[in-house]
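User: Hi! I'm new to reading protein models, and I'd like to go through this one step by step. Could you help me?

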Amino acid sequence: FFQKTLTAIKNWFTLFGWSKGQNPISVPYSLRRDVCKVQMTSSQETGFKQNLGKDTKTVYDMVFHLSGQLLPGITSSKSLPLDPVERILQLHWQHSTLLAFLKSQGAYLPHVMPEFLLEPDDYKKWIKVQTALKVSGKNSDKLSDKHLFILEDSVFETMSKRAWTDVLLQIYKVFVLTRVSSRNITDQLSLESVQKMPRIKSEPLSSNIYSPYERTVLTWLNKHYEKNRKTVWKDCQKGGVPPMRWIVNFDRDLLDGLVLAAQLAAYCPYLISTHFVRMYTNPKSHEQFLHNCLILVNAMHAVSLAIDIKV
């Protein structure tokens, strides 16, 4: 389950998370690595700046693209200090700032510590620095034992991957999902056949699973399915018009491909005769579900909606 979630997140952020087109990412490796565009490099007695290139895109570029806001105190051209201890403290501060910013926007990340977002070697250095500061009594943060998590290498790698996955999910929740507008909900529900269906309440406390924005999307799915099912499958080759249904979740209710096909048909009606009439409208077996989803994915490719969704 986690691997499928991770793959979906990686694909979405690769395609839509950046300005100026796609930028392939790996979770957590590229996100941990690309934290600045300019790096200080030592050369015997002198230190000089090595520009990592304009094409280096950091997680801060991604947050700026999706939110339109710069993180306080962090700029694209900011370099990390040459001194190892100062570098670790700077990196930790940057990750702390990122988490604080996301939480201020409504992200839920109480389980993610800034040090979990570091690279493994940096994490070890961070533990050494904190332990040394604690022993010397110089730690201004008054760090207590419960705040210092010392993890084995394999455990840290798992924790870091999970932390970055949750950070990306929360970035999607607070900056992308919130763009869903409920302004047209009343128009969507004006159709007589849709009025007969039970309503999906949009109040914040009416669901402990879905946010108001997700419930708005469910309402949109219901509206298009009910409005289009008789039109899309009136000449169906493999069954009659599919029955009315109440779409209340994003997994089971979408498995047979019919609901998503109805959404696509609402915007691209020319796909009905070329693709959707060949779908099973009352699928029973795994083969029939697969058949429907093959047609759906082929239809998406036909309109260049190439978002790497597997059948």
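User: Which residues make the nonpolar surface patch of about 260 Å²?

Analyst: Happy to help, and please keep in mind that this is a predicted model. The patch is nonpolar and lies on the surface. The residues that make it are Leu290, Leu294 and Val311.

User: Is Val311 buried, partly exposed or exposed?

Analyst: Val311 sits in the segment after helix H12 (286–302). Its relative accessibility is 47%. Buried means under 20% and exposed means over 50%, with partly exposed in between. Therefore Val311 counts as partly exposed.

User: Which helix gives the most to the largest nonpolar core?

Analyst: That core has 31 residues, with Phe13, Met62 and Leu102 among those having the most contacts inside it. Helices H1 (2–16), H3 (59–67), H4 (84–104) and H6 (153–175) each supply at least two of its residues. With seven residues, the one that gives the most is H6.

User: How many residues does the other core have?

Analyst: This core lies apart from the largest one. Among its members are Val232, Val259, Ala265 and Leu296. Its residue count is 26.

User: And what about Arg32: is it buried or exposed?

Analyst: Arg32 is found in helix H2 (residues 29–33). Leaving out residues up to four places away in sequence, Arg32 touches several others, including Leu117, Glu119, Phe156 and Trp164. Its relative accessibility is 6%, and because buried means under 20%, Arg32 counts as buried.

Definitions and conventions
Residues numbered from 1 in each chain as written. Predicted model: local features only at pLDDT ≥ 70, side-chain atom pairs only at ≥ 80, totals over all residues. Heavy atoms only, no water. Core = buried A, V, L, I, M, F, W, Y, C linked by side-chain atoms within 4.5 Å. Buried < 20%, exposed > 50% of the residue type's maximum accessible area, 1.4 Å probe, protein only. Helix = DSSP H or I, 4+ residues; strand = E, 2+ residues; numbered from the N terminus. Patch = residues over 30% accessible without salt bridge, like charges linked within 9 Å, V, L, I, M, F, W, Y side chains within 5 Å. Areas by Shrake-Rupley, 256 points an atom, 1.4 Å probe, with all protein chains shown as cover. Salt bridge = Lys/Arg side-chain N within 4 Å of Asp/Glu carboxyl O. Contact = heavy atoms within 4.5 Å.
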